[in-house]
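Work through these exercises with the model on screen. Try each task before you read its solution.

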Amino acid sequence: MMGGFAKGISVLEAFSAERPRLSIAEASALTGLDRATARRCLLTLSELGYADYDGKFFSLTAKILRLGHGWLSAAPLPVLIQPHLDRLSEQVGQSASASVLDGTEIVYIARAAQRRVMSITLMPGSRLPAYSASMGRVLLAALSDAEVRAVLVASTLKANTPFTKTDPQELMGEIARVRAEGHAIIDQELELGLCSIAVPVMDRRGHVLAAINIGAPAAHAPAAEMAERYLPHLLAAQAALRDLLP
C-alpha cells in the first residue's frame with residue numbers, strides 16, 4: 001500500500017515548470033518506474049481529478065494544490081512573500097504585489113500598497129487577465145508555447161486601453177521576449193496611466209511558483225525607465241525568496 005503511494009508521489013514529482021505535460025513513456029523514464037506502473041499512477045491521478053488526460057499527455061490540475069494544504073497552513077507562500085513586498089515597496093516608494101496563475105487570470109496573493117495607482121482596489125484574491133498584466137506575462141512565460149496558446153485561446157482578448165496588445169501572435173512574441181529577458185514590463189495596457197514591471201518567484205530548482213511586481217504611475221515612472229529604476233530591487237527580492245523556498 002505504502003509502496004504504491006510512494007510510486008504515485010514520484011510520478012507527481014516528475015511534473016515541473018519545464019515538464020508540465022508528461023506522456024506515460026516520459027513519466028516512466030523520469031521516475032524509473034515501468035510503463036505499466038507509471039500508466040496506472042497517471043490514470044489514477046486523472047480519475048481522482050488531480051490530472052487532465054488528452055489521450056496522450058497528462059497535466060496536473062489545480063486540485064493538486066489541496067495536497068499541499070497542510071504545508072500551506074503552516075507556512076503559506078503569501079506569508080513568506082509579504083515581508084519582502086513590504087521591504088520592496090518601502091525601498092522604491094511604489095506598490096508591490098505578488099500573484100499566481102489560475103487559468104487565464106492571475107490571482108493576487110499578497111500586496112504592499114504605497115498609493116492607489118489603479119481605479120480598482122487590488123488586494124489578495126483580486127484577479128486580472130494574465131495576457132495584459134506584467135505578472136501574468138511572467139507566469140505565462142514559464143509555460144510551454146502550446147500552453148500559452150491554449151491560455152490565449154481561452155482568454156477574452158479585449159483592449160482595456162489603446163495600448164493593450166490583443167493580437168495572439170504579438171502576445172506570443174512578447175511572452176517569448178519575457179522568457180528570454182526574465183522580466184515583463186507593461187506600458188498602460190491594463191489601465192491608462194499605469195506601468196508595471198514583474199519578475200518570477202522561483203524555488204531553488206528554478207521552478208516558477210509566483211510572480212512579484214512593482215506598479216507605478218506612468219507620469220512618475222514611464223515604461224522606458226522601469227527596468228533601470230526597479231529591476232535591481234525586484235531581482236534582489238527574487239534572490240532572497242529563492243533562498244527561502246525549498
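**Exercise 1. Find the residues through which helix 7 meets helix 8, and sort them by type.**

Solution. Keep in mind that this is a predicted model.
Step 1. On the helix 7 side, pick out Asp145, Val148, Arg149 and Leu152. Across from them, helix 8 offers Pro168, Leu171, Met172, Ile175 and Arg179.
Step 2. Sort these contact residues. There are 6 nonpolar and 3 charged residues, and no polar ones.

**Exercise 2. Describe how helix 7 and helix 8 pack: what is the angle, and which word fits it?**

Solution.
Step 1. Locate helix 7 at residues 145–154 and helix 8 at residues 168–181.
Step 2. Read the geometry. The angle is about 135°, and the axes lie 11 Å apart.
Step 3. Compare with the cut-offs. Angles over 145 degrees count as roughly antiparallel, and 65 to 115 as roughly perpendicular. The angle of about 135° fits neither range, so helix 7 is oblique to helix 8.
Step 4. Add the handedness: this crossing is right-handed.

**Exercise 3. Trace the sheet of 6 strands and explain why strand 6 and strand 7 each have a side without a neighbour.**

Solution.
Step 1. Write the order: 6-5-4-9-8-7. The sheet is open, and its pairing is antiparallel.
Step 2. Look at the edges. Strand 6 (127–129) and strand 7 (184–187) each have a single partner strand, so one side of each has no neighbour in the sheet.
Step 3. Note the twist, which averages 30° from one strand to the next.
Step 4. Check the strand 6 edge. Strand 5 (residues 105–112) runs antiparallel to strand 6, and 3 bridges join them. Here glutamate 105 stands opposite proline 129.
Step 5. Add the helices. Helix 6 (residues 134–141) packs on the sheet and touches strands including strand 4 and strand 5. Its direction makes about 155° with that of strand 9. Helix 9 (residues 223–244) also packs on the sheet, touching strand 7, strand 8 and strand 9. The direction of helix 9 makes about 25° with that of strand 8.

**Exercise 4. Follow strand 8 to its two partners, then decide: is strand 8 enclosed or open?**

Solution.
Step 1. Start with strand 7. It runs antiparallel to strand 8, with 4 bridges. Aspartate 187 has cysteine 195 as its bridge partner.
Step 2. Inspect the turn. The hairpin of strand 7 and strand 8 has 6 residues between the strands, and glutamine 188 has a positive phi of about 60°.
Step 3. Move to strand 9. It pairs with strand 8 in the antiparallel sense over 9 bridges. One bridge pair is isoleucine 197 and isoleucine 214.
Step 4. Inspect this turn too. The hairpin of strand 8 and strand 9 has 5 residues between the strands, and glycine 206 has a positive phi of about 90°.
Step 5. Decide. 9 of the 9 residues of strand 8 are buried, so strand 8 is largely enclosed by the rest of the structure.

**Exercise 5. Place threonine 37: is it buried or exposed?**

Solution.
Step 1. Find threonine 37 in helix 3 (residues 35–47).
Step 2. Use its relative accessible area, which is 8%. Buried means under 20%, so threonine 37 is buried.
Step 3. Compare sequence and space. Threonine 37 and glycine 8 are 29 residues apart in sequence. Their C-alpha atoms are 9.1 Å apart.

Definitions and conventions: Residues are numbered from 1 along each chain as its sequence is written. This is a predicted model: local features need pLDDT of at least 70, side-chain atom pairs count only at pLDDT 80 or more; totals for chains, interfaces and linings use all residues. Side-chain values use heavy atoms; hydrogens and water are left out. Two strands pair if DSSP finds at least two bridges between them. Helices (H or I, at least four residues) and strands (E, at least two) are DSSP runs, numbered from the N terminus. Axes are lines fitted to C-alpha atoms, for helices over the stretch in contact, and angles run from 0 to 180 degrees between N-to-C directions. Contact means heavy atoms within 4.5 Å. Angles under 35 degrees count as roughly parallel, over 145 as roughly antiparallel, 65 to 115 as roughly perpendicular and the rest as oblique. A crossing is left-handed if the near helix is turned anticlockwise from the far one by less than a right angle, and right-handed if clockwise. Ala, Val, Leu, Ile, Met, Phe, Trp, Tyr, Cys and Pro count as nonpolar, Asp, Glu, Lys and Arg as charged, and the others, Gly among them, as polar. Buried means under 20% relative accessible area, exposed over 50%, partly exposed in between (1.4 Å probe, protein chains only).
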